[in-house]
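Reader: I would like to learn how to read the empty spaces in a protein model, and how to place a single residue or helix among them. Could you take me through it step by step?

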Amino acid sequence: MKKRSLPLFRSGDIGGMAYALAGNIVNYIIIIGVLLYVFEWPEYLVFGRVIPGMSIGLMGSGIYYAWMANRLAKKEGRSDVTALPSGVSTPAMFVYLWGVIAPLNYAIDKPEDVWMVAVAATFLGGVIEALGSFVGPWLRKFLPRAALLGTVGGIALVWMANKGFYDVYADPILGMPILLIAIIGLIGGYVFPKKIPALLIAIVGGIGYAFVLGRVTPDVSGFGFTLTNPVTGINAIMTGLASISPYLAVIIPIQIYNFIETMDNVESAIAAGDRYSVREAQIADGAMTMLSAVFGGVVPNTVWLGHPGLKKGNAGSGYSWISGLILGAAGIFGAYAFVNSLMPPVIAAITFIWCSIVIIVQAFREAAPLKHGAAIVVAFIPHIADYVYTEIELTLFSQGVYEITPEVTSALLGEGVMWSGVMELKYGAILTSMLWAAITAFIIDKRLDKAGYVSLAASVLALVGFIHTPSLGLTVNPFFYGYLIMGIMCILFSALKNNFKSPDGYDYV
């Protein structure tokens, strides 16, 4: 077989670059908007550490997947191989921002310390993603997809869509017309001239509109070489790891989602004709996430959906390495600080709304079978409790109340506040969301045995403090007994239902 190398660039790589750059730049905008305007991190942390670290990881991914494509082309003697698309995992990004950084930011009044724990969480997430190459196939086979998608959809609804709409109504003259443009394209399905994406029209048009209103002033002072010393990053990771145990209940499930997402997207590439190694891609994602953390990044990488479309468009490997270099250089040399100076917070908020709608719709659309939609709805509820708890806690903090004691709880209940059970459901909300969605999906599928196994697993997680308690530790609590009884009931019903077959097709327990 004659070995062939892919050309450095071909016509279809232009479309590939547009896809990779546009998607990742939107993620940059979201991350910058949340860290600067919601969490109020200083610019030196955002533009001096987080963005360059994120850019190093993306550059590494783009170059590595281009190399994988060329290696596959030589191995199979083909010239039509398309590189895997890669970038920041948008669902995982939301979870890291709102599930790890947000509670840290509210609890610790020092962004530098929060950043240390965030990079440690990202590094550990990369390790988990790499290890997922060995356990991923089993987990994907057992966990219903609704459990994963519903959890991410709940985060998008409660934290991103809410925050986005609130910001739009805080600046209606600028925000409402731009939001309308975004929704016309996203939900209405209208196509702008030359098929320019509606979100791009909204962002660019919003920047121009804000400039006319005098809301923005271009600032080029941020240009210049900025890169975290990796020794600083490693020290931050080592320091942060000492404080990371309360967030394992967030990090582990979202990394499970992330490596399963990589598996699915690589397998779609295999189905399209490019037989990549799923395990190698998962290890590469984990390695690039760890590299990003060493240089200050706080979000994980993944293989993106979209390879079949890129292949159909005749993309090769050029789009991957060129996009990686562009994203890397832009982050390292301060281009995003300039972009941020042109973008008022409300425009970033509109990207929150856009992305959250896409994720929620995707959750219902891809929850195969469609009847698992009920499981997705159930998955939203723990995130609502998390949101209610956080808002009330911050309100109390503003009034000088820094601990929610039994007396405070009694006072809240006395005022009619919907508070019973909120605190307990808030702790480990992401894991609780995934567990209840899985239980519901298995019940819908009439697999009470599997619903029982998940309930028993939940009882163990409650026993060791992963869910419903503020810290890890072996504690026999009511939640342990509740899940244990649920598990026994489901397994017992499953064993008995075969003895009660009905002529009308129903299963009686």
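Author: What follows goes from the pockets to a helix that lines them, then to the cavities and one residue. Please keep in mind that this is a predicted model.

Reader: How do I begin with the largest pocket, and what is its volume?

Author: The general idea is that rolling a probe the size of a water molecule over the atoms shows where empty space is left. In this structure the largest pocket has a volume of about 1,200 Å³, and 40 residues line it, with Tyr19, Gly23, Thr90, Trp304 and Trp354 lying nearest its centre. Among the elements that give two or more residues to this lining are helix H1 (13-38), helix H3 (90-107) and helix H14 (345-366), and H1 supplies the largest share, eight residues.

Reader: How do the residues of that lining divide by class?

Author: The lining of the largest pocket holds 29 nonpolar, seven polar and four charged residues.

Reader: Which residues lie closest to the centre of the second largest pocket?

Author: That pocket encloses about 630 Å³ of space, and of the 30 residues lining it, Pro103, Pro246, Tyr247, Lys426 and Tyr427 are the closest to its centre. The elements that give it two or more residues are H3, H5, H9, helix H15 (373-398) and helix H18 (429-444), while its lining divides into 19 nonpolar, eight polar and three charged residues.

Reader: H3 appears in the linings of both pockets; where does H3 bend?

Author: H3 bends by about 40 degrees at Ile101, and a proline, Pro103, follows within four residues. The length of the helix can be checked as well: at 1.5 Å a residue, the 18 residues of H3 should span 26 Å, and because its end C-alpha atoms are 25 Å apart, the two values agree. H3 is also mostly covered, since 15 of its 18 residues are buried.

Reader: How many cavities of 30 Å³ or more does the structure hold?

Author: A cavity is a space in which the probe fits but from which it cannot get out, and the structure holds five of 30 Å³ or more. The largest cavity has a volume of about 90 Å³, and of the 14 residues that line it, Ala20, Gly62, Ser86, Ser320 and Ser323 are the closest to its centre. H1, helix H2 (43-76), strand E1 (86-88) and H12 each supply at least two residues of this lining, with H12 giving the most, five residues. By class, the lining of the largest cavity has six nonpolar, eight polar and no charged residues.

Reader: And which elements give two or more residues to the lining of the second largest cavity?

Author: The second largest cavity, with a volume of about 60 Å³, has a lining that includes Ile29, Tyr37, Tyr336 and Asn340. H1 and H13 are the elements that give two or more residues to it, and the largest share, four residues, comes from H1. This lining has seven nonpolar, two polar and no charged residues.

Reader: Let me finish with one residue of H12: why does Leu325 count as partly exposed?

Author: Leu325, which sits in helix H12 (residues 318-332), counts as partly exposed because its relative accessibility is 37%, and that class lies between the cut-offs of 20% and 50%. Leaving aside residues up to four places away in sequence, Leu325 touches Met59 and Ile63.

Note on methods:
Residues numbered from 1 in each chain as written. Predicted model: local features only at pLDDT ≥ 70, side-chain atom pairs only at ≥ 80, totals over all residues. Heavy atoms only, no water. Buried < 20%, exposed > 50% of the residue type's maximum accessible area, 1.4 Å probe, protein only. Contact = heavy atoms within 4.5 Å. 1 Å grid on protein atoms, 1.4 Å probe; cavity = no way out; pocket = protein on both sides within 12 Å on 5 of 7 lines; lining within 4 Å. Points joined across faces, edges and corners; volume = space filled by probe spheres on them. Nonpolar A, V, L, I, M, F, W, Y, C, P; charged D, E, K, R; others polar. Expected span 1.5 Å × (residues − 1). Bend = angle between axes of the 7 residues up to and from the residue.
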